[in-house]
Amino acid sequence: MRIVKAEIIEQKVYEAVNEAVCVLPDDIKDSLNKAYALEDGIAKYTLENLIKNVQLAKQKMRPVCQDTGAAVFFVDIGEDVFIEGSLKEAINRAVSRAYTDFFLRKSMVKSPIERENTKDNTPAIIHIDMVKGDKITIHFMPKGFGSENKSALCMLAPADGVEGIENFVVETVKKAGSDPCPPILVGVGIGGTFDLAAILSKKALLRKVGQRHPRKYIAELEERLLEKINSLGIGPEGFGGKTTALDVFIEEFPTHIAGLPVAVNICCHVARHVKIEI
């Protein structure tokens, strides 16, 4: 049994927040550069400005986007770990401190009806899973809502099959158009239940660009969807072009014989996330 104090988790999360909102992962930066090489005209010019923004944000340690998002966490806790203190309270304290100290935009409201701001971007959205081992792995994703608002979920019939899945994913991206600030990343969750499909679609966005699913039929579906989405011609920021999406990631889970839940979680090109291991 390994004991981890909640205070250690709080400090690790606090330190990671500012970097996460200011510095994009290398795979995202590389994919933007590759897209720039493929485009021409206004699409190329648009990508040039997006890339400059990413570079300046890192140099000056300023948020890549003014929407520093809802604070989303995926936490894998080893079964041989005992946390001394409250994990959720530690994460929320870290978010409160970081968003205040680093002058990040506070976007959370206490009630979706009354709309009063919490003034420190809490509460965080925390997904917890128990895994084997004696480590804690935390993925932090500041999720902006320009793209989140264009996400969708559909309870397909089993008879709709793969064709129904493809049609729903592509149609969701088509309806989103330029609103989620393309080029986008598309997370797709298939199976489980209504709620699990949505969580899977968001967790899929933690994968690196070009990282295919280990199951061949899923990997092939990811590639087909990416091709179909990019053939829509929406392009960078909706000005047209070859690059509407940088990648498509799919996660699946067993489901009921009568169901085929499919969720699509869209993320803009500012796909910020960081991994913390304790």
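**Exercise 1. Describe the contact between domain 1 and domain 2.**

Domain 1 and domain 2 bury about 860 Å² between them, with 75% of this on carbon and sulfur atoms, where buried area is the accessible area (1.4 Å probe) that two parts lose on being put together, summed over both. The model is predicted, so that local features need pLDDT of at least 70 and side-chain atom pairs count only at pLDDT 80 or more, while totals for chains, interfaces and linings use all residues. Residues are numbered from 1 along each chain as its sequence is written, and side-chain values use heavy atoms, with hydrogens and water left out.

Step 1. Phe-74, Met-141 and Lys-143 supply 59% of the area that domain 1 buries against domain 2, more than any other three residues.

Step 2. The domain assignment gives domain 1 as 2-22 + 64-143 and domain 2 as 146-271, the bounds coming from an automatic or database domain assignment; the C-alpha centres of the two domains lie 25 Å apart. To the contact (heavy atoms within 4.5 Å), domain 1 gives 10 residues and domain 2 gives 12 residues.

Step 3. Between domain 1 and domain 2 the count is 1 salt bridge, a term for a side-chain nitrogen of Lys or Arg within 4 Å of a carboxyl oxygen of Asp or Glu. Glu-148 forms a salt bridge with Lys-143, and their closest N and O atoms are 2.9 Å apart.

**Exercise 2. Place Val-72 and state its burial.**

Step 1. Val-72 is found in strand β2 (residues 70-78), strands (E, at least two residues) being DSSP runs numbered from the N terminus, as are helices (H or I, at least four).

Step 2. Val-72 counts as buried because its relative accessibility is 4%, and buried means under 20% relative accessible area, exposed over 50%, partly exposed in between (1.4 Å probe, protein chains only).

Step 3. Leaving aside neighbours within four places in sequence, Val-72 is in contact with residues including Met-141, Lys-143 and Lys-202.

**Exercise 3. Work out the layout of the sheet that contains β7.**

Step 1. An open sheet with mixed pairing is formed by 4 strands in the order β6-β9-β7-β8, where two strands pair if DSSP finds at least two bridges between them. The edge strands β6 (152-156) and β8 (245-255) each pair on one side only.

Step 2. Strand β7 (residues 184-192) pairs with strand β9 (residues 260-267) in the antiparallel sense over 6 bridges, and the bridge partner of Val-188 in β9 is Val-264.

Step 3. Helix α7 (residues 194-203) packs on the sheet and touches β6, β7, β8 and β9, its direction making about 150° with that of β7; axes are lines fitted to C-alpha atoms, for helices over the stretch in contact, and angles run from 0 to 180 degrees between N-to-C directions.
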